[in-house]
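Student: I have a new model open and would like to learn how to read it. Could you walk me through its features?

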Amino acid sequence: NITDWAASLGVNYQLNDDFAVYAAGSRGYKMPALDELLEAQSQAQVDLFEAREIESVEGGVKWRLDRMAFTVNGFYLYVANQIGQGAELDSQGRTVWVIRENPDNRSYGAELEAVVSLFRGLQVQGSATRLQAEVAGGVDSLARIEGERLGNTPEYLGNLAATFSPQRLENLEVRADFHF
């Protein structure tokens, strides 16, 4: 018997035709997948599962200069109640299914986005993100690693894309992108 709730609130305030500020916050959830409960052998194992909670906050500025537009923002994300099951090897090398309580995670960082129209028909857009993702606690036995960086999350993300649509061939669009 799991229940939960979600909500979000955002505001975008345009100071003039070329400059705006914004902020958003949300709380969401994800219910456990049914196959995560397949190997639960007791009610105590089933009772470990709760809805995964996700809280986020973001804020930034947007501005436009002639044929360029920019967004700069900061963000914070917290994920709690990460219970899951998976295959592990026991002391004799046999595969066993184990239900584990994983630590809460938090991520924060900043992002810069830009869109530039160099000339009619050509648009270039890019983004760069600096991300810090780390263990945030939630599991007493893992308190010693709180604040340590999550090994499966990049520190930097980047995207660059270009779209070209010649005026004489209005049904043609050529796109290229690169992701780092």
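Tutor: Gladly. Let us begin with what counts as a pocket: on a 1 Å grid over the protein atoms alone, a pocket is an open set of points with protein on both sides within 12 Å along at least five of seven lines. Keep in mind that this is a predicted model.

Student: What is the volume of the largest pocket here, and which residues are closest to its centre?

Tutor: The general idea comes first: rolling a probe the size of a water molecule over the atoms shows where empty space is left. In this case the largest pocket has a volume of about 160 Å³. Its lining has 15 residues, and those closest to the centre are E113, A114, V115, Q125 and G126.

Student: Which elements give two or more residues to that lining?

Tutor: Strand 3, strand 4, strand 7, strand 8 (122-137) and strand 9 (156-164) do so. Sorted by class, the lining of the largest pocket holds seven nonpolar, six polar and two charged residues.

Student: Those strands must be placed somehow. What is the strand order of the open sheet?

Tutor: To read a sheet, follow the pairing from one strand to the next. Here an open sheet of eight strands runs in the order 1-2-3-4-7-8-9-10, with antiparallel pairing. Strand 1 (7-16) and strand 10 (174-179) each have a single partner strand, so one side of each is left without a neighbour in the sheet. On average, neighbouring strands of this sheet are turned by 10° against each other, direction ignored.

Student: How many bridges join strand 2 to strand 3, and how many join strand 3 to strand 4?

Tutor: Strand 2 (residues 19-30) and strand 3 (residues 52-65) run antiparallel and are joined by twelve bridges. One place to look is G28, whose bridge partner in strand 3 is I54. Strand 3 then pairs with strand 4 (residues 68-80) over 13 bridges, again in the antiparallel sense. There, V61 stands opposite V72 in strand 4.

Student: Which residue takes a positive phi in the hairpin of strand 3 and strand 4?

Tutor: In a hairpin, look at the residues between the two strands. This hairpin has two of them, and D66 takes a positive phi near 55°.

Student: Where do I go after strand 4?

Tutor: Move on to strand 7 (residues 104-119), which pairs with strand 4 in the antiparallel sense over twelve bridges. T71 stands opposite E113 in strand 7, and E113 is also among the residues closest to the centre of the largest pocket. Further along, nine bridges join strand 8 to strand 9, which run antiparallel, and V124 has A162 as its bridge partner in strand 9. Strand 9 and strand 10 pair in the antiparallel sense over six bridges, with F178 in strand 10 as the bridge partner of L160.

Student: What joins strand 5 to strand 6?

Tutor: Eight bridges join strand 5 (residues 82-89) to strand 6 (residues 95-102), and these strands run antiparallel. I83 has E101 in strand 6 as its bridge partner. Their hairpin has five residues between the strands, and G93 takes a positive phi near 85°.

Student: Finally, which charged end sits over the ring of W5?

Tutor: For this feature, find the charged end of a side chain and check its place over a ring. The charged end of R27 sits over the ring of W5, 4.1 Å from its centre. Likewise, R130 lies over the face of Y156, at 5.3 Å from the ring centre. As for ring-to-ring contacts, the structure holds one aromatic pair.

Methods
Residues numbered from 1 in each chain as written. Predicted model: local features only at pLDDT ≥ 70, side-chain atom pairs only at ≥ 80, totals over all residues. Heavy atoms only, no water. Pairing = 2+ DSSP bridges. Helix = DSSP H or I, 4+ residues; strand = E, 2+ residues; numbered from the N terminus. Axes fitted to C-alpha atoms, helices over the stretch in contact; angles between N-to-C directions. Phe/Tyr/Trp six-rings, centres within 6.5 Å; stacked < 30°, edge-to-face > 60°. Lys NZ or Arg CZ within 6 Å of the ring centre and 35° of its normal. 1 Å grid on protein atoms, 1.4 Å probe; cavity = no way out; pocket = protein on both sides within 12 Å on 5 of 7 lines; lining within 4 Å. Points joined across faces, edges and corners; volume = space filled by probe spheres on them. Nonpolar A, V, L, I, M, F, W, Y, C, P; charged D, E, K, R; others polar.
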